[in-house]
Amino acid sequence: MTRHVRCGTLFTGAADAAEADQTIIVGDDGRIVHVGPTAEAPAPGRGDMVLDHSDRFVMPGLHDVHTHLAYGNAKTEEDIDLYAPLEFRALRGLYFAQRCIAAGYTSICAPGDAGQISLSVRNAIRAGLFDGPRVTAAGRYLTTRQGLTDWYPSWIGAPETSIGRLVASKDEAIEEIRVQVKNGVDCIKLAMDGFHRRANGELVAAFTQDETTVMVQEAQRLGKKVVVHARGREATLYSARAGVDLIFHAYHLDDECLDALVKSGSAIGPTLTFPRNIVDFTQRHEPAHIKGRIADTQREFEIACENLRRAKAAGVPMMTGTDSGFAVTPYGEWHARELEIFVAHLGFTPAEALRAATQVTARFMADGDRTGVIAPGMAADFIVVDGSPLQNVSILLDKKRIEAVYIDGKEMRIPARGYDPRKVTDFAWSNWTDLYTQERVAELYGPSRGRLAAAE
């Protein structure tokens with residue numbers, strides 16, 4: 001059935017401006033066959049469907065390149081790795097992938113998940129078993145002792161259910177890449193640094209330049225894109241020199257990094273929503289606050305914004321992602337906050353931010369050759385918004401304003417359903433955030449608390 005979509009305002013993602021009174025025509029295969037002024041559009045034929053959004057803003061579906069489907073809105077790393085079997089995590093991941101639809105996100109990348117969780121979610125949606133966003137799937141992060149995901153003490157080791165795969169040599173890394181490619185991943189994720197620092201505070205890269213280059217070359221030889229976690233200068237530099245496709249964070253880049261990024265064409269996914277939410281939402285009694293993480297995160301956020309503005313000025317492509325899947329970045333809630341941050345802190349215009357979340361980010365996605373813009377031959381992935389994000393990108397955070405979401409021309413109608421986190425996510429045995437000595441109890445409650453009446 002051919003669909004004629006009448007748009008009050010149409011932002012195609014291919015240009016900064018929007019056009020009034022446009023019509024999109026979608027063929028039986030879910031591809032766009034015509035875009036243009038309504039007055040010039042072919043008339044609907046017998047049996048055609050007319051979708052009247054003539055008083056609404058229509059734009060391409062949004063893309064989030066950093067949504068971890070395996071995490072389950074985790075509060076601890078143990079929540080991510082240990083307390084739920086892979087099978088349950090896959091079913092949970094499908095549920096949470098569907099929550100992204102209501103936020104206007106038709107395409108997400110799950111960059112690093114345990115087992116084949118994201119692959120399974122992707123395949124179930126592609127097979128038509130369930131409605132959901134387009135999923136670009138990675139396997140486990142490749143990491144070392146100094147890299148992200150090797151959370152546990154060496155006397156415990158790296159559990160098989162972890163989101164990370166600890167590799168001890170280039171040969172092991174190459175074999176893991178080949179296994180993941182055989183399993184059907186869309187991209188390979190490298191943990192290029194973690195929390196290990198030098199005496200001067202600089203983050204240490206988890207892999208050497210040679211190791212990084214070998215892994216990237218093998219993944220790309222096999223036809224897969226490479227995404228890396230790299231906050232520090234050294235990890236960012238090694239990644240750019242190796243020619244990775246996408247660098248998450250890159251907060252501490254310098255001039256040498258910028259030169260390498262411009263030369264390689266590597267993109268950056270700043271993922272600033274995650275640190276911003278940590279600062280803005282963490283409560284004073286929570287461990288992240290007690291341990292001083294809020295002040296540290298705020299400082300890094302400020303450094304990151306300064307450096308990323310320089311990267312934008314140098315022409316480095318910026319992609320939108322949020323690190324959704326943690327308790328401070330729950331699925332379907334804060335994805336569009338990254339666009340707010342791009343405008344408020346990185347110097348993007350609203351149109352540039354919208355294009356970053358559509359056309360630019362689509363370049364990394366598995367279906368990126370047919371998504372990200374509204375044009376003939378492209379997939380009919382678009383959303384209908386009450387109001388203009390070109391005037392205020394923040395309206396995209398209001399799910400009530402996302403009035404309809406279409407993928408391949410089919411409207412996604414996924415029922416809203418709540419859940420009990422104690423049965424879905426909160427499985428870690430974490431019961432207290434303080435040490436209740438007599439002195440601490442007296443400080444909190446006064447000297448009488450904890451003293452029972454003496455028996456007569």
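A pocket is an open set of points on a 1 Å grid over the protein atoms alone, with protein on both sides within 12 Å along at least five of seven lines, and its lining residues have an atom within 4 Å of a point. The structure described here is a predicted model.

**Second largest pocket**

By this definition, 23 residues line the second largest pocket, and those nearest its centre are Gln98, Ala102, Ile414, Pro415 and Ala416. The space in this pocket amounts to about 580 Å³. Two elements, α2 (86-102) and β17 (402-407), give two or more residues to the lining. Helix α2 supplies the largest share, with seven residues. Sorted by class, the lining of the second largest pocket has 14 nonpolar, two polar and seven charged residues.

**Cavity**

The model holds one cavity of 30 Å³ or more. About 30 Å³ of space lies in this largest cavity. Its lining consists of Ala103, Tyr105, Gly332, Glu333, Trp334, His335, Ala336, Leu396 and Leu397.

The table sets out the class composition of the residue groups in this report.

| Residue group | Nonpolar | Polar | Charged |
|---|---|---|---|
| Lining of the second largest pocket | 14 residues | two residues | seven residues |
| Lining of the largest cavity | six residues | two residues | one residue |
| Contact of α8 with α11 | two residues | two residues | four residues |

**Sheet**

Strand β17, which contributes to the pocket lining, also belongs to an open sheet of seven strands. The strand order is β3-β2-β1-β4-β16-β17-β18, and the pairing is mixed. At the edges are β3 (32-37) and β18 (410-411), each of which pairs on one side only. Strands of a sheet pair through backbone hydrogen bonds, in either a parallel or an antiparallel manner. Strand β16 (residues 382-385) runs antiparallel to β17, and four bridges join the two. Within this pair, valine 384 stands opposite alanine 404 of β17.

**Helix contact**

A packed pair of helices is described by the angle between the axes and the distance between them. For helix α8 (residues 273-281) and helix α11 (residues 337-345), the axes come within 10 Å and cross at roughly 95 degrees. Angles of 65 to 115 degrees count as roughly perpendicular, so α8 is roughly perpendicular to α11. On the α8 side, the contact is made by Thr273, Arg276, Asn277, Asp280 and Phe281. Helix α11 takes part through Arg337, Glu338 and Ile341. Four charged residues are included in this contact, along with two nonpolar and two polar ones.

Key:
Residues are numbered from 1 along each chain as its sequence is written. This is a predicted model: local features need pLDDT of at least 70, side-chain atom pairs count only at pLDDT 80 or more; totals for chains, interfaces and linings use all residues. Side-chain values use heavy atoms; hydrogens and water are left out. Axes are lines fitted to C-alpha atoms, for helices over the stretch in contact, and angles run from 0 to 180 degrees between N-to-C directions. Angles under 35 degrees count as roughly parallel, over 145 as roughly antiparallel, 65 to 115 as roughly perpendicular and the rest as oblique. Contact means heavy atoms within 4.5 Å. Ala, Val, Leu, Ile, Met, Phe, Trp, Tyr, Cys and Pro count as nonpolar, Asp, Glu, Lys and Arg as charged, and the others, Gly among them, as polar. On a 1 Å grid over the protein atoms alone, a cavity is a set of points where a 1.4 Å probe fits but cannot get out, and a pocket is an open set with protein on both sides within 12 Å along at least five of seven lines; lining residues have an atom within 4 Å of a point. Grid points are joined across faces, edges and corners, and a volume is the space filled by probe spheres set on the points. Two strands pair if DSSP finds at least two bridges between them.
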